[in-house]
Structure formats: C-alpha cells, structure tokens
Amino acid sequence: MSRAKQYVELFKERDSICVSHYPVPISQHTESEVWSLMELEQVNTKDTPTALYLHIPFCDATCSFCPFNRYLKKQEQVDDYLAAVRKEIDRYAGTPFGSSITVSSINLGGGTPSCLSSEELTGILQHMKQAFHVAEDAMIFIEGNPRNFTADKLEDLALQGLNRISVGVQTFQEELAGLLGLYHSVDDSFELVKNARSCGIDNIGIDLMYNLPGQTLDQWRADILTSIEQEIDHICVISFCVVPHTQIASRIAEGKIPGIGDVYREIELYTIAKEMLLEAGYLQYSVIDFAKPGKTDRHATLYFSEQSHMIGIGAAAFGIINGYMYVNSGNLNEYMSRVQDGLLPVNCGEKADELELAHGAMAKGLRMLSVSRADFVRMFRQEPEELFPDTIERLVQDGLLIQDAEGIRLTDDGIIWGNNVSKQFFSSKYADYGLQHRMKLAKGRPVQSVK
Ligand code: SF4
C-alpha cells in the first residue's frame, strides 16, 4: 500500500484547516466574568509577548468561494465601525493589564483591510500606537487585496511603520482568477509587488491556492515559479476548500465548472510547491508557510509557539488574554451596539487550565512543525511524553512524528498531514469542534445551536 493511501485510510480525508485557536471558545460569560477571566485588573508583570489583532470585516467585492465573515463596504458603516473599534481599543488600553503590556506586533486582517482609505488606516494605526506601548521594532502587518493596496496608500502606511503586507493573490492565472471571481487582475498583483518594493516594504507575502477547480499541474508550477521570480518574501499555500452554500459550490454542483481534485492530487500539488520553494532557498516554517530566511511571520511564530497574549479587536476577532481565548460578536450591529454601551463585545470564550494549555501548545506548536522540548518543560514542568504518552507513541509509530532531544516534530509525511496530526492533541472536550463551529461563532450565532 502506498504511504499516501495508508494515511488516507488512517484519517479518511486531509484536513486543510490549520489549528488557529485553542481552546475553542464555546462558553458564554457575563461582562464581569469576562473581565475577571482576562485578568484585566491585574498588572502584567511577566514579560509575555503581546500582539494586537484588528479585524476589518469589509471588502470592496465578495469572492465566489469565500465563507468568511465579511461585508460589502458601505462608507457610513465603516465610519461607525471605526468609531467602535477606537472605543474597544481604549477600553483595553485603559485597564491595568492594557497599560502594562508592550505590543510587539500589530496585524490588521479581514475581510480586506486595504479597502479602507489611507486616512482611515493610518488613523487607526496612530490610535493603537497612542493607546498602547508599542515596541520600536514592532512588526506592523496589514492584509489586503492587490487592487486596493495602491501606491499612495502603501507610501502613507510605510511612514506609519508598515513593514509587512500579505496579499490574497490566490493565482497568477487569468483563467483561474476569473473562475474564482477575484476582484483583482493578475496585473494588479504584479503592480502591487513593484509599488510595495518602491515604498521600502521589505516583507511582501502572498497567499496562493492549490487544487482549484480545473487547475493543471503546469498552472500550479507556473504560479510557484512566478512567485519565486517576483522574489516574494513569504508564500502561504492554501488548499482550496469548497465550502457549502458559497457561489462556487453551487456552480460546481450544477456542473458549470469542474470540481476539485481528490486527496492524491491535492498531495501532489502540495509536494510540487514544497519542492520548488525549498529548492529556491525558502524555509518552510509551518504546515502552510514558506519564507525567505529572516522573513518569517513574527506574529504567527509568537502566537502559535508561545503562551502569548493577543488582544483581538473588532467584529469576529479572536484573541487570547491571560489564557482566556475569546471571539467577538461577528454581527456588525451587535458588535457596535455592545461597544457603544460600554461593554466588551465578546461573544464567547474559554479559559484554559494548565492541561488544556499543554494540549494547545502541542496542537499549535505542530502547526509550526515542532514543539521545543525545553520550552514545553519550562511552561509545564513535564516532558511532552509524560503528558501525552499514547498520542505521541501512536503518531511516532505511524511515521508522522519524530521525538529527539530537541523536541517533537513532524516527519515529511507528518507535514503533509500536519493539520490532522495537530488536531490529535485536542482534548476530548474540544475534539468535535471544527471549522463550521468557528464560522458560526464568528458570525455571532448563538452558542447553544452550534455544535
Ligand atoms: S477579499 Fe478575501 S475576505 Fe473578501 S470576499 Fe474575497 S476572499 Fe473573502
């Protein structure tokens, strides 16, 4: 039996959704409980790394495949939203916790943050920097679209310290871009890279999708080669998912466009990308991320490898403060009215005990390919094998993990099946909560009906 077939039998399907948040927020708490679980009245005495994440849920247009929490941009709504965001920032910054932290990275994600104007984006960055103590060398990272990250906007943002962008290019093939209903053209992507470089932004990241409907191996090779030739610093390769109830799912179901390839095809495409990028000198530092040396995503490395704080601001934002993982309401009106009423807009959350933190350290660490033995022992005073003997032994026997003096890491096969392997470390309490649950939470649906 081929190795791929062996793993298909083991896992049934290749999980394309990375572990992003652990524990999974599933409980509702009152305002005072949230306040206390986040320990906002406590001064932060430990040197815990802290990130700020701001969710901008607006897009200039919506893509046919997109399942995320996003809204078509309407200026009046943007104004109200940014006013609420400022208020939420001030709420955290005004606490003993918020006034005693140093922020080492700021990330604006979405949606499409770059659909906001220069004034709106620079205004919100300035507000964050005034409200919190932000480290001199903080990574300031904005996600966006090639079409609305204009040269002027990039220049203004670079003056505010923007040092990394990440752009949803998805494909350099016109035909596939049309099929996905992308808002930008392939030329927009090339133009963006040129403009970002001329503004001195020295870390340009793109997302590329593989296993698109009808995508050939040569089209995928051409996408990777173009990225290398364009000297893109950071490349995130994402397996295309057909999410039920999206436009593209209906078109595939109606036979108007081809379906996606099977799991063997998916693995072939992933392996092509990996081999080409490693050959070109990129480093793989997560199940999906490749970067030139020195260009890894500090925000992700911080968040997934250490017990850090991440203050999540905005509708549908996830965050973790003092071990309390939370997600804000994803419903815009509900989010804004809660903030305007002086409340934290948390929809639900979960405070991890030490054992759950250890589960999370394994699951999130393996997303980043390995768990350092020294770091794990420093945090939990036990070896990973003492806490998870059966799971580690089983995955080592299956050829998916390696144990050595440095720690626990994924094998080459383990990397291909990295999301499946990471999720083996979820505790039984959270094992059944997957993407559907996360999306419902982010959209502000009631907790009781989501499982
Ligand atoms: S730009 Fe991004 S968030 Fe907006 S609809 Fe397209 S894929 Fe979704």
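A residue counts as partly exposed when its relative accessible area falls between the buried limit, under 20%, and the exposed limit, over 50%. Glu-231, at 48%, is therefore partly exposed. The model described here is predicted. Its protein chain has 451 residues, and 56% of them are buried. The chain contains 19 helices and 17 strands.

**Overall form**

- The radius of gyration of the protein chain is 21 Å, which agrees with the value near 22 Å for a compact globule of 451 residues.
- Along the principal axes, the C-alpha atoms of the protein chain occupy a box of roughly 60 × 55 × 45 Å.
- The protein chain has about 18600 Å² of accessible surface, and carbon and sulfur atoms account for 48% of that area.
- Of the contacts in the protein chain between residues at least 6 apart in sequence, 74% link residues at least 24 apart.

**Annotated domain**

- An unreviewed UniProt entry assigns the feature "domain: Radical SAM core" to residues 44-279.
- Helix makes up 42% of the span 44-279 and strand 22%.
- The C-alpha atoms at the two ends of this span are 44 Å apart.

**Ligand surroundings**

- The residues around the ligand include the cysteines Cys-59, Cys-63 and Cys-66.
- Ala-61, Thr-62, Phe-65 and Arg-70 also belong to the ligand surroundings, as do Gly-111 and Thr-112.
- Five residues of this shell are nonpolar, three are polar and one is charged.
- Gly-111, one of the residues surrounding the ligand, sits in the loop between strand S4 (102-110) and helix H4 (118-131).

**Cis peptide bonds**

- Most peptide bonds are trans.
- The bond between Gly-110 and Gly-111 is cis, with omega about 25°.
- Tyr-22 and Pro-23 are also joined by a cis peptide bond, with omega about 0°.
- Pro-23 belongs to the loop between H1 and helix H2 (31-37).

**Positive phi values**

- Most residues other than glycine have a negative phi.
- Glu-231 is not a glycine, yet its phi is positive, near 55°.
- The loop between H8 and strand S8 (234-239) holds Glu-231.
- Arg-381 is likewise not a glycine and has a positive phi of about 60°.
- Arg-381 is placed in the loop between helix H14 (373-380) and helix H15 (384-387).
- Because its relative accessibility is 60%, Arg-381 counts as exposed.

**Ala-4 in helix H1**

- Ala-4 is part of helix H1, which covers residues 3-11.
- The relative accessibility of Ala-4 is 24%, so Ala-4 counts as partly exposed.
- Beyond its neighbours within four places in sequence, Ala-4 makes contact with Tyr-264, Ile-267 and Trp-417.
- Ala-4 and Leu-125 are 121 residues apart along the chain, and 46 Å separates their C-alpha atoms.

**Glu-229 in helix H8**

- Helix H8 spans residues 217-229 and includes Glu-229.
- Glu-229 has a relative accessible area of 57% and is therefore exposed.
- Glu-229 and Ala-280 are 51 residues apart in sequence, with their C-alpha atoms 9.8 Å apart in space.

Methods:
Residues numbered from 1 in each chain as written. Predicted model: local features only at pLDDT ≥ 70, side-chain atom pairs only at ≥ 80, totals over all residues. Heavy atoms only, no water. Near = heavy atom within 4 Å. Nonpolar A, V, L, I, M, F, W, Y, C, P; charged D, E, K, R; others polar. UniProt positions renumbered as here; feature names shortened; annotations may be inferred. Helix = DSSP H or I, 4+ residues; strand = E, 2+ residues; numbered from the N terminus. Rg over C-alpha atoms; globule rule 2.2 N^0.38 Å. Buried < 20%, exposed > 50% of the residue type's maximum accessible area, 1.4 Å probe, protein only. Contact = heavy atoms within 4.5 Å. Areas by Shrake-Rupley, 256 points an atom, 1.4 Å probe, with all protein chains shown as cover.
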